[in-house]
Amino acid sequence: MLFFTNLFVFHAAAATLARRSARTVGLFLVGYFVLFLLVLVLLGRRAFILLVVAYASLFASPVLLGFFAIFVLSFVLLQPYAFETFIPLALIYSTLWRVRRVTSRFVRPLPGRWSGGFWRGVVSIIHLATEDSVQTLWSTFVRPEVREALWMSLASSTLATLLVGWRAFLWPTAWPA
């Protein structure tokens, strides 16, 4: 099985890397050996076969290769929280990939900063929702101190958003460049 897998990888590499630079071929080989070492040491041979076939198939597409790298990072290295890290990282990556062509030095970092801050809060909620039962979640949310904290957070964030919007409406040129 490993022989045929490597044969497929060789075929995919030959088709993908035809008429490419030596640097691209070197990157493919480095990625293959890093995946080889990482997965064989941590997961065993079966997982390596599936992941190396995916790697060889996706190498030609930078977008898909990025999602593949996030998948390997999440499900190999961040194993206890694989699902909770894969979804936010994939959404952040797709956001950053879409704005990579924006030339404005102001606009380019905004989606990454926004989504990074947003998902830091959402990851804990995703983890809580997938780890506990519905009854446990409901008993947590109906506690008076939890409801009070949620309302305080909602009220303060709404007030802060209104104040920032009001300031931007009254003094649109007052923001630093």
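These exercises walk through one predicted model, each with a worked solution.

Residues are numbered from 1 along each chain as its sequence is written. In this predicted model, local features need pLDDT of at least 70, side-chain atom pairs count only at pLDDT 80 or more, and totals for chains, interfaces and linings use all residues, while side-chain values use heavy atoms and leave out hydrogens and water.

**Exercise 1. Describe the chain as a whole.**

Step 1: Take the secondary structure. The chain has eight helices and zero strands. Helices (H or I, at least four residues) and strands (E, at least two) are DSSP runs, numbered from the N terminus.

Step 2: Take burial. Of the 177 residues, 23% count as buried. Buried means under 20% relative accessible area, exposed over 50%, and partly exposed in between (1.4 Å probe, protein chains only).

Step 3: Take contacts, meaning heavy atoms within 4.5 Å. Among contacts with a separation of 6 or more, 46% join residues 24 or more positions apart.

**Exercise 2. Place A13: is this residue buried or exposed?**

Step 1: Locate it. A13 lies in helix 1 (residues 2–17).

Step 2: Check the accessibility. A13 is buried because its relative accessibility is 12%.

Step 3: List its partners. Leaving aside residues up to four places away in sequence, A13 touches A18 and F28.

Step 4: Look further along the chain. A56 is 43 residues away from A13, yet their C-alpha atoms are separated by 6.4 Å.

**Exercise 3. Check the span of helix 4 (residues 62–77).**

Step 1: Find the expected span, which is 1.5 Å times one less than the number of residues. For the 16 residues of helix 4, this gives 22 Å.

Step 2: Compare. The end C-alpha atoms of helix 4 are 21 Å apart, which agrees.

Step 3: Add burial. The buried residues in helix 4 include G66, F68 and I70.

**Exercise 4. Place F75.**

Step 1: Locate it. F75 lies in helix 4.

Step 2: Check the accessibility. F75 has 29% relative accessibility, so it counts as partly exposed.

Step 3: List its partners. Not counting residues up to four places away in sequence, F75 touches A82, F83 and F86.

Step 4: Take one partner. F75 and F86 are eleven residues apart along the chain, with their C-alpha atoms separated by 7.8 Å.
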